[in-house]
Amino acid sequence: MSAREAILTRVRTALGRRAGDAVPEPGPPRMAVPNVDVEQRIAMFSAALEKLAGKPFVAESCEQAGEYVRSVIAGRSAISSRSPILEKCGVACPVGIDRHRAACAESAAGITSAEYALADTGSLVMFANSEEARLISLLPPVHIAIIERSQILTGLDELLSIAPRPADISSSMVLITGTSRTADIEQILVRGVHGPGEVHVIIL
Amino acid sequence: MTTSAANIRSTLENANLQLAIYTSTARLIQKRRGALAGDLLPDYQELRDEANRLKRHTIDHLDYYLELFEKNVTAHGGNVVYCETATDVADFVLGLAKKRGARLIVKSKSMTTEEIDLNHRVEHHGLEAVETDLGEYIIQLAGQRPYHIVAPALHMTRHEVADVFSSKLGVPQEIIPENQTMIARGVLREKFLAADIGITGANFLIADSGALVLVENEGNARLTSSAPKIHIAIAGIEKLIPRAQDLAVFLKLLGRSATGQALTSYTSFLSGPRRPGEVDGPEEFYVVLLDAGRTKLLENPERRQSLYCIRCGACLNHCPVYRKIGGHNYPWVYSGPIGAIITPQFHGAARDPWLPYASSLCGACAEVCPVKIDIPKLLLDLRADVAAYKEHAGASSAERFAFRAFAFIMRRPKLYEFVTRLARMLAPQREGWISRLPLGIAPGPVKQWLSQRHLPAPAAKSFRELWRQR
């Protein structure tokens with residue numbers, strides 16, 4: 001008997017079930033999406049991100065967004081994703097796939113967009129796809145993201161009601177909530193352990 | 001992994017260690033309280049009920065959800081590997097490493113791999129396995145096991161970390177936690193980029209998506225699961241939940257209960273290897289589903305709830321026993337109240353008969369448990385196992401005699417009144433009399449017991465007497 005069969009058989013014996021026995025529905029998922037207007041979402045998102053030492057910036061125009069990004073990078077090296085919004089703001093600097101990993105490891109800043117943002121927790125929601133990679137928001141010490149205000153959802157419940165099965169969309173969905181941090185030594189907070197210690201989110 | 005009275009005594013007498021445990025758990029208690037205060041999470045109690053209900057539903061139909069999960073992982077190009085024992089997991093990892101010519105493994109914190117002692121098993125065969133969570137890395141260098149489910153190096157001071165780093169990494173003594181963290185970052189960054197295999201655990205396995213969820217703060221789990229070409233996640237079969245949407249319940253509870261965070265820095269939702277068109281990510285994706293004793297826990301419908309645990313560590317922080325004896329005096333990798341209920345069920349009542357008694361039954365653990373495991377109830381239940389075992393082993397004749405005498409008296413009201421009156425006459429009418437008894441005459445265990453007690457003087461009249469005179 002394979003390990004699979006052995007385990008499934010033991011589980012069924014312990015539970016008093018047989019293969020193919022019916023399973024009742026687990027009941028409706030417990031989610032509630034509040035009604036919050038866009039301005040309020042921006043305010044909530046900014047406040048939540050600031051609490052986590054992240055830096056929100058509401059830009060009036062693409063030019064202003066681009067300027068802000070350049071001022072953060074301040075002449076250091078950067079790598080960007082292939083999101084069209086970065087092109088529009090004039091801050092796109094993607095590299096070819098063969099250089100991708102090395103560039104992520106060497107760059108001071110990673111510039112991306114995000115699929116959504118969550119207002120109540122100050123999170124960015126990123127899917128891996130042909131535009132957004134996993135490592136750009138992870139390896140460089142500074143992460144800069146440009147999003148549009150329409151992408152800000154109220155919170156986790158709204159995200160899971162829009163994307164009930166994230167696996168249908170991408171192999172990787174990551175919620176980024178503030179900076180990389182640890183408190184493993186004497187419960188003292190240190191930022192930027194393995195991921196970025198600095199996170200900027202520009203809202204257009 | 002032995003526990004002895006001498007080890008516990010040395011923990012209790014180590015003032016620095018006591019301070020480290022006390023302040024760290026106090027901070028964690030404070031953080032949790034801060035995240036649940038006022039109306040920050042108004043439906044907290046309803047969420048706990050729902051989490052308990054969802055876990056019960058999943059565990060009660062686990063065979064169905066295992067197969068559903070497997071089907072969906074496979075549909076996304078991943079592989080599910082069932083393992084019955086710790087050895088099976090090591091054999092799988094070693095076999096895959098050999099086939100792919102892999103030498104270096106990076107690991108992100110996982111209690112399940114601690115449980116099966118995976119690092120030593122693979123290192124024995126010439127592979128290098130590096131822990132990448134900062135706390136876990138420190139204790140790996142120090143050659144210890146985790147002190148706490150969430151904060152593995154909770155017991156170490158910055159000075160001890162400085163010693164470990166300078167002796168194991170050859171760096172100068174550095175006592176500032178920020179700089180210590182940067183030293184680890186530098187060393188581990190090289191490992192991430194060079195690693196052939198990344199091994200993670202899983203906080204949740206999502207049946208309807210064939211996905212796993214990793215909850216973390218440092219980014220090491222993200223790196224472990226996306227930098228190497230091969231990602232292996234090792235999880236107990238009890239980690240399943242039915243749907244991605246159920247995360248709306250569990251994620252709200254886990255971060256707050258563990259570290260007082262609404263969401264941790266990173267929540268990764270991973271399903272299968274990199275897909276066509278995706279820029280990066282692993283080329284191979286395996287989920288190891290581990291039994292290693294879990295199906296034994298399923299047999300008893302009451303005790304099954306031990307498998308609901310989402311490893312937040314809140315019961316450890318709030319336990320007066322854990323906060324005195326610390327993590328290493330528990331006989332297995334799972335410490336605190338949750339360890340006290342799962343260890344005897346995995347290993348049997350005979351191996352550590354004292355463990356279910358390592359609790360004052362104050363109920364703090366049940367009060368803070370986000371999935372509402374009735375830990376005190378299970379501890380009592382397991383004490384019955386120990387009593388039955390002792391009875392069987394014939395090791396409890398004195399205890400049996402005492403309880404028989406007690407039962408004999410309790411069944412006879414007249415005799416009971418006589419005995420209590422006698423006790424009142426004999427005991428001095430003063431507070432604290434019992435600690436002033438000439439303890440020299442009391443036998444060992446009784447002496448120990450009495451030395452820690454402060455009994456009030458008996459009342460002048462018993463309740464039954466007052467009742468009659470009313």
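I count a residue as buried when its relative accessible area is under 20%, and by that cut-off 57% of the 470 residues of chain B are buried. I keep in mind throughout that the model I am reading is predicted.

**Entry 1: chain B overall**

I looked up the make-up of chain B and found 22 helices and 10 strands. Taken along the principal axes, the box that holds the C-alpha atoms of chain B is roughly 90 × 55 × 50 Å. For the accessible surface of chain B I noted about 20100 Å², with 56% of that area belonging to carbon and sulfur atoms. I then turned to the contacts in chain B with a separation of 6 or more, and I recorded that 73% of them join residues 24 or more positions apart.

**Entry 2: strand β7 of chain B**

I next asked how many residues of β7(B) are buried. The count is seven of seven, and I therefore describe this strand as mostly covered, given that buried means under 20% relative accessible area. I sorted the side chains by direction: B:Ile230, B:Ile232, B:Ile234 and B:Gly236 point one way from β7(B), while B:His231, B:Ala233 and B:Ala235 point the other way, and all are buried.

For the pairing of β7(B), I found four bridges to strand β4 of chain B, residues 197–200, with the two strands running parallel. Within that pairing I noted B:Ala233 as the bridge partner of B:Thr200. I also found that β7(B) pairs in the parallel sense with strand β10 of chain B, residues 284–290, over seven bridges. There the bridge partner of B:Ile232 is B:Tyr286.

**Entry 3: strand β3 of chain A**

I made a similar check in chain A, where strand β3 covers residues 109–112. Both of its faces are covered, with A:Ala109 and A:Ile111 buried on one side and A:Gly110 and A:Thr112 buried on the other. Three bridges join β2(A) to β3(A), and these strands run parallel; in this pairing I see A:Ala78 opposite A:Ala109. A further four bridges join β3(A) to strand β6 of chain A, residues 142–147, again in parallel, and the bridge partner of A:Ile111 in that strand is A:Ile144.

**Entry 4: cavities**

Rolling a probe the size of a water molecule over the atoms shows where empty space is left. I took the result for the whole structure and noted seven cavities of 30 Å³ or more. The largest cavity has a volume of about 740 Å³. I looked up its lining, which consists of 39 residues, and those closest to the centre are B:Lys109, B:Val150, B:Asn203, B:Val215 and B:Glu216.

Which helix or strand gives the most to this lining? I found that α12(B) does, with four residues. The elements that each supply at least two lining residues come from both chains: β9 (181–182) is the one from chain A, and those from chain B include α2 (15–36), β6 (211–216), β7 (230–236) and α12 (247–259). By residue type I recorded 16 nonpolar, 14 polar and nine charged residues in the lining of the largest cavity.

**Entry 5: three loop residues**

I then looked up A:Ser83, which lies in the loop between β2 (78–80) and α4 (84–88) of chain A. A:Ser83 has a relative accessible area of 7% and is therefore buried. Leaving aside neighbours within four places in sequence, I listed A:Ser113, A:Glu131 and A:Glu132 as its contacts.

B:Gly219 sits in the loop between β6 and α11 of chain B. Buried or exposed, I asked of B:Gly219? Its relative accessible area is 0%, so I entered it as buried. Not counting residues up to four places away in sequence, B:Gly219 touches A:Leu138, A:His194 and B:Tyr266. I also noted that B:Gly219 and B:Thr132, 87 residues apart in sequence, have their C-alpha atoms 9.5 Å apart.

My last residue was B:Leu307, in the loop between α13 (294–298) and α14 (314–317) of chain B. B:Leu307 is buried because its relative accessible area is 5%. With neighbours within four places in sequence left out, I recorded contacts of B:Leu307 with B:Ile59, B:Glu238, B:Arg294, B:Leu297 and B:Leu298. B:Leu141 lies 166 residues away from B:Leu307 along the chain, and I noted a C-alpha separation of 31 Å between them.

Methods. Residues are numbered from 1 along each chain as its sequence is written. Chains are lettered from A and ligands numbered from 1 in the order in which they are written. This is a predicted model: local features need pLDDT of at least 70, side-chain atom pairs count only at pLDDT 80 or more; totals for chains, interfaces and linings use all residues. Side-chain values use heavy atoms; hydrogens and water are left out. On a 1 Å grid over the protein atoms alone, a cavity is a set of points where a 1.4 Å probe fits but cannot get out, and a pocket is an open set with protein on both sides within 12 Å along at least five of seven lines; lining residues have an atom within 4 Å of a point. Grid points are joined across faces, edges and corners, and a volume is the space filled by probe spheres set on the points. Ala, Val, Leu, Ile, Met, Phe, Trp, Tyr, Cys and Pro count as nonpolar, Asp, Glu, Lys and Arg as charged, and the others, Gly among them, as polar. Buried means under 20% relative accessible area, exposed over 50%, partly exposed in between (1.4 Å probe, protein chains only). Contact means heavy atoms within 4.5 Å. Accessible areas come from the Shrake-Rupley method with a 1.4 Å probe; for residues, only the protein chains shown count as cover. Two strands pair if DSSP finds at least two bridges between them.
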